[in-house]
Amino acid sequence: MAARSWAVRFASLLAMPSRLSSSIKSGRWEIIRGVYGRPIRVNSAFRCPKHNEVVGGEHGSVHMFGLALDLGGDARELFDIANRECPDLRIGSYDNFIHID
């Protein structure tokens with residue numbers, strides 16, 4: 001990883017808001033992980049605007065407000081679990097991760 005990219009990611013972690021969304025703060029994603037039965041990689045959580053731009057995030061992304069997580073693993077299985085166990089979450093499915101908010 002390039003030094004600049006690492007620095008942007010590190011800065012994003014330092015800038016993380018203390019008030020994350022209730023779904024994230026309450027550990028709703030832990031429900032998904034419990035049913036999944038193995039570790040889940042958190043690909044992305046809070047992003048400062050600069051990091052969001054670097055990774056190609058959407059303008060106004062909910063990640064910039066601490067309201068979303070991207071969870072890596074078997075996306076199809078994670079999507080099915082999230083949809084079944086946490087139907088009130090918004091869920092997006094990609095090749096190797098899901099987005100929840």
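Trainee: I'd like to start with R47 and D70; are they buried or exposed?
Mentor: Both R47 and D70 are buried; please keep in mind throughout that we are looking at a predicted model.

Trainee: Why does R47 count as buried?
Mentor: R47 has a relative accessibility of 10%, and because buried means under 20% relative accessible area, it falls on the buried side of that cut-off.

Trainee: And what joins R47 and D70?
Mentor: They form a salt bridge, in which the closest N and O atoms are 3.3 Å apart. The pair links distant parts of the chain, since R47 sits in the loop between β1 and α4 while D70 belongs to strand β2, 23 residues apart. As background, side chains of opposite charge can pair when their charged atoms come close.

Trainee: Which other side chain has a polar contact with R47?
Mentor: The side chain of N52 does, at a distance of 2.8 Å. If you want to find R47 on the model, look in the loop that runs between β1, residues 41–44, and α4, residues 49–54.

Trainee: Let me step back for a moment. How many helices and strands does the protein chain have?
Mentor: The chain has five helices and four strands, and reading from the N terminus their order is α-α-α-β-α-β-α-β-β. Of the 101 residues in the protein chain, 38% are buried.

Trainee: How are the strands ordered in the sheet?
Mentor: The four strands make an open sheet in the order β1-β2-β4-β3, and the pairing is antiparallel. The edges are formed by β1 and β3, the latter being residues 91–93, and each of these pairs on one side only. On average, neighbouring strands of this sheet are turned by 30° against each other, with direction ignored.

Trainee: What are the pairings of β2 like, say with β1?
Mentor: Three bridges hold β1 and β2 together in the antiparallel sense, and within that pairing V42 has L71 of β2 as its bridge partner. Towards β4, β2 also runs antiparallel and is joined by four bridges, where D70 is partnered by H99. So D70 has a salt bridge to R47 as well as a bridge partner in β4.

Trainee: Which residues of β2 lie on which side, then?
Mentor: L69 and L71 are on one side and D70 and G72 on the other, and because all of these are buried, both faces of β2 are covered. In general, the side chains of a regular strand alternate between the two faces of the sheet.

Trainee: Where does L69 sit, and how buried is it?
Mentor: L69 is in strand β2, which covers residues 69–72, and its relative accessible area is 5%, which is why it counts as buried. Its C-alpha atom is separated by 9.9 Å from that of F97, a residue 28 places away along the chain.

Trainee: Changing topic: which residues touch the most other members in the largest nonpolar core?
Mentor: That core has 14 residues, and I32, I40, L71, L78, I98 and I100 are the ones that touch the most other members. The elements that contribute two or more residues to this core are α3 (28–36), β2, α5 (75–85) and β4 (97–100), with α5 giving the most, four residues. In soluble globular proteins, nonpolar side chains tend to be buried together.

Trainee: What does I98 touch?
Mentor: Leaving out residues up to four places away in sequence, the contacts of I98 include L69, L71, L78, F79 and I91, and D70 is also among them. For the chain as a whole, among contacts between residues at least 6 apart in sequence, 62% join residues at least 24 apart.

Trainee: Back to charges: how many salt bridges are found in the whole structure?
Mentor: There are six. One of them joins the side chains of R38 and E77 at 2.8 Å, N to O, and this pair links distant parts of the chain, with R38 in the loop between α3 and β1, E77 in helix α5, and their positions 39 residues apart. R38 is partly exposed, with a relative accessible area of 36%, and E77 is partly exposed too, at 29%.

Trainee: And what about R33 and E30, how far apart are they in helix α3?
Mentor: They are three residues apart in helix α3, which means that about one helical turn separates them, and their side chains meet in a salt bridge of 2.9 Å, N to O. R33 is partly exposed at 33% relative accessible area, and E30 is partly exposed at 34%.

Definitions and conventions:
Residues numbered from 1 in each chain as written. Predicted model: local features only at pLDDT ≥ 70, side-chain atom pairs only at ≥ 80, totals over all residues. Heavy atoms only, no water. Buried < 20%, exposed > 50% of the residue type's maximum accessible area, 1.4 Å probe, protein only. Polar contact = N/O pair within 3.5 Å; in protein donor to acceptor, adjacent residues only side chain to side chain. Pairing = 2+ DSSP bridges. Axes fitted to C-alpha atoms, helices over the stretch in contact; angles between N-to-C directions. Core = buried A, V, L, I, M, F, W, Y, C linked by side-chain atoms within 4.5 Å. Contact = heavy atoms within 4.5 Å. Salt bridge = Lys/Arg side-chain N within 4 Å of Asp/Glu carboxyl O.
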